[in-house]
Amino acid sequence: MAVLLKYFFIAFLLFLSWVPSGAVDRRKFKTCKDSGFCRRSQKLAQEHDQSNFQFYHLVVASSIEVKGNVLNFMVQNVNESEISYKASLSFYQGGIIRFRMNEINPLYQRYEVPEGDV
């Protein structure tokens, strides 16, 4: 009798775990076709599957400049003809280094935490 009760209890738990998953409205969830990031990533992955595709970036040597404790430079994707990123390395006391990299012409301006707030 105890073994039968044990199997009934396990079957009941399996049933309970299945019921909520069947009640989910899948139309309310975003799919890859609804997300620009996902579509761009899939396109990049398809290009990467080509034998001659290389995905890496290079620092543009002519753009390097030092202002105080900040090293500024431009970064270019080897697959693109134009420079698309600006980057900086900030050096702080105690050996702390902060790396920032942003698009030169972003679709939306990123929020940047002002220095000293963190």
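A pocket, in the sense used here, is an open set of grid points with protein on both sides within 12 Å along at least five of seven lines, and its lining residues have an atom within 4 Å of a point. The structure shown above is a predicted model, and its largest pocket is a suitable place to begin.

The largest pocket is lined by 28 residues. Nearest its centre lie Arg-40, Glu-80, Ser-84, Tyr-85 and Glu-103. The elements that contribute two or more residues to this lining are α2 (36–48), β3 (85–92) and β4 (96–103). Of the lining, the largest share comes from α2, which supplies six residues. The space within the largest pocket amounts to about 1100 Å³. What is the chemical character of the residues of its lining? Eleven of them are nonpolar, eight are polar and nine are charged.

Attention may now turn to a single residue of one strand. Ser-88 is found in strand β3. Is Ser-88 buried or exposed? Its relative accessible area is 11%; because a residue under 20% counts as buried, Ser-88 is placed in that class. Leaving aside residues up to four places away in sequence, Ser-88 touches two runs of neighbours in the numbering: Val-70, Leu-71, Asn-72 and Phe-73, and then Arg-98, Phe-99 and Arg-100.

Arg-100 appears again when charged side chains are considered. How many salt bridges does a search of the whole structure find? The search finds two. In one of them, the side chains of Glu-112 and Arg-100 meet, with a distance of 2.7 Å from N to O. Arg-100 belongs to strand β4, whereas Glu-112 lies in the segment after β4, so the pair ties together parts that are twelve residues apart in sequence. Arg-100 has a relative accessibility of 21% and therefore counts as partly exposed. Glu-112, at 36%, also counts as partly exposed.

The side chains of Lys-67 and Glu-65 form a salt bridge as well, with a distance of 3.7 Å from N to O. Which class of accessibility does Lys-67 fall into? With a relative accessibility of 53%, Lys-67 counts as exposed, since the class begins over 50%. Its partner Glu-65, at 36%, counts as partly exposed.

Taken together, these features can be followed along the strands. Strand β3 holds the buried Ser-88, and Ser-88 touches Arg-100. Arg-100, in strand β4, in turn meets Glu-112 in a salt bridge. Both β3 and β4 also give two or more residues to the lining of the largest pocket.

Methods:
Residues numbered from 1 in each chain as written. Predicted model: local features only at pLDDT ≥ 70, side-chain atom pairs only at ≥ 80, totals over all residues. Heavy atoms only, no water. 1 Å grid on protein atoms, 1.4 Å probe; cavity = no way out; pocket = protein on both sides within 12 Å on 5 of 7 lines; lining within 4 Å. Points joined across faces, edges and corners; volume = space filled by probe spheres on them. Helix = DSSP H or I, 4+ residues; strand = E, 2+ residues; numbered from the N terminus. Nonpolar A, V, L, I, M, F, W, Y, C, P; charged D, E, K, R; others polar. Buried < 20%, exposed > 50% of the residue type's maximum accessible area, 1.4 Å probe, protein only. Contact = heavy atoms within 4.5 Å. Salt bridge = Lys/Arg side-chain N within 4 Å of Asp/Glu carboxyl O.
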